[in-house]
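Some labels in a structure description rest on a cut-off. The turns that follow ask what stands behind each label.

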Amino acid sequence: MKRRFPTALVFVVVAVVFAFVSLLACGAAERPDGGQGLLPVGATAPDVFAADQNGAIQRLSDQRGRAVVVYFYPKDGTPGCTEEACAFRDAWDRFKQANVQVFGVSPDTRESHEAFATEHRLPFPILVDTDQTWANAFGVPTRLGSIARVTFLIDPDGKVAKVYPDVDPGVHADEVLKDAAQLTGAALPAAPAASASAAPAGSDAAAPGAAGAPGAAGAPPAAAGSAAPVATGTMLPPAAPAAPPAKR
């Protein structure tokens, strides 16, 4: 005789499993301040603190008087998170010029943060949020122990000035820098001159040997006093030896 598994029990089991998975996927929907979802523009940033990769305690309210970027990312070492961190690293000097502090935040351990920061030479603090205090305070969604990629820009008075829920890791740092510079009233710092200075090395037009390049024509007075300092290592004019034959 076949035993039938009660249909009602099947539905109960399926419902319980679905509810459990949904709870894990969505994470806490309510913030400690009683609000729902991401902390909105105009809200006061929470007074939270955490240890960074070096064990130093970073408190958000200590940054009053300057703009602050708080970017949440899922996990150290993953491709997207590495790309985003390195983009902030490459723009770090420009953030400092604009008086903007950057904090990266993820649920990884301090040891993980330390290894991640060392490997990629990250100069800014990345904060340990293993208990998701920061994520919950900002209303950042959590999924299976991970947090969503969301960025908040906080103005010098401690108010949320902008929220970036959909982040492209490759260009996000430049986007935030432009907005942050407006908050501080600083002129947007220029991109590093490395790309401009690197161009002459691979550019025929910049070489003094190029046929009559205007830039080269302006260089002889400085180069004539000392031949060695010319950037390309070339001696400037063969015109000097041409003077004696003219006196015959």
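Q: What covers the buried residues of α6?
A: This is a predicted model. In it, the cover over the buried residues of α6 includes strands β3 (67–72), β4 (100–106), β8 (150–154) and β9 (160–164). Helices α2 (79–90) and α3 (92–97) belong to that cover too.

Q: Which residues of α6 are buried?
A: They are His172, Ala173, Val176, Leu177, Asp179, Ala180 and Ala181. Residues three or four places apart in an α-helix point the same way, because there are 3.6 residues a turn.

Q: How do you know that the span of helix α6 agrees with its number of residues?
A: Helix α6 has 13 residues, 172–184. At 1.5 Å a residue, the expected span is 18 Å. The end C-alpha atoms are 19 Å apart, so the two values agree.

Q: What follows α6?
A: Gly185 does, with a positive phi near 75°.

Q: Why is Phe103 called buried?
A: Buried means under 20% relative accessible area. Phe103 has 0%, so Phe103 counts as buried. The residue sits in strand β4.

Q: What is Phe103 in contact with, leaving aside neighbours within four places in sequence?
A: Its contacts are Gln58, Leu60, Gln63, Val68, Val69, Val70, Tyr71, Pro125 and Leu127. Take Val70: 33 residues separate it from Phe103 in sequence, yet the C-alpha atoms are 4.9 Å apart.

Q: Why does Pro125 count as buried?
A: Its relative accessibility is 12%, and the cut-off is under 20%, so Pro125 counts as buried. Pro125 is found in the loop between α4 and β5.

Q: Which residues is Pro125 in contact with, leaving aside neighbours within four places in sequence?
A: Asp52, Gln53, Gln58, Gln101, Val102, Phe103 and Gly104. For Gln101, the C-alpha distance is 9.1 Å, at 24 residues apart in sequence. Contact is judged on heavy atoms within 4.5 Å, so a C-alpha distance does not decide it.

Q: How many disulfides does the structure hold?
A: Zero. The test for one is a pair of cysteine sulfur atoms within 2.5 Å.

Q: Why are Cys81 and Cys86 called buried?
A: Cys81 has a relative accessible area of 1%, so Cys81 is buried. Cys86 has 14%, so Cys86 is buried as well. The cut-off is under 20%.

Q: Which members of the largest nonpolar core touch the most other members?
A: Val69, Tyr71, Phe88, Phe95, Val102 and Ile126 do, out of 27 residues. The elements that give two or more residues to this core are β3, α2, α3, β4, α4 (110–120) and α6. Helix α6 gives the most, with five residues. Another core, of 23 residues, lies apart from it. Ala50, Ala137, Phe138 and Ile147 are among its members.

Q: What does Val69 touch, not counting residues up to four places away in sequence?
A: Val69 touches Phe88, Phe95, Val100, Gln101, Val102, Phe103, Thr151, Phe152, Leu153 and Val176.

Q: What makes β5 and β9 the edges of the sheet?
A: The order of the five strands is β5-β4-β3-β8-β9. The sheet is open, with mixed pairing. β5 (126–128) and β9 each have a single partner strand, so one side of each is left without a neighbour in the sheet. On average, neighbouring strands are turned by 20° against each other, direction ignored.

Q: How do you know that β8 and β9 pair?
A: Pairing needs at least two bridges. β8 and β9 have four, in the antiparallel sense, so the pair qualifies. Ile154 stands opposite Val160 in β9. Five residues lie between the strands of this hairpin, where Gly158 takes a positive phi near 85°.

Q: What joins β4 to β5?
A: Three bridges do, and the two strands run parallel. Ser106 has Val128 in β5 as its bridge partner.

Q: Where do α2 and α4 lie against the sheet?
A: α2 lies across β3, β4 and β8, at about 160° to β3. α4 packs on the sheet and touches β4 and β5, making about 165° with the direction of β5.

Methods:
Residues are numbered from 1 along each chain as its sequence is written. This is a predicted model: local features need pLDDT of at least 70, side-chain atom pairs count only at pLDDT 80 or more; totals for chains, interfaces and linings use all residues. Side-chain values use heavy atoms; hydrogens and water are left out. The expected span of a helix is 1.5 Å times one less than its number of residues. Buried means under 20% relative accessible area, exposed over 50%, partly exposed in between (1.4 Å probe, protein chains only). A nonpolar core is a set of buried Ala, Val, Leu, Ile, Met, Phe, Trp, Tyr and Cys residues joined through side-chain atoms within 4.5 Å. Axes are lines fitted to C-alpha atoms, for helices over the stretch in contact, and angles run from 0 to 180 degrees between N-to-C directions.
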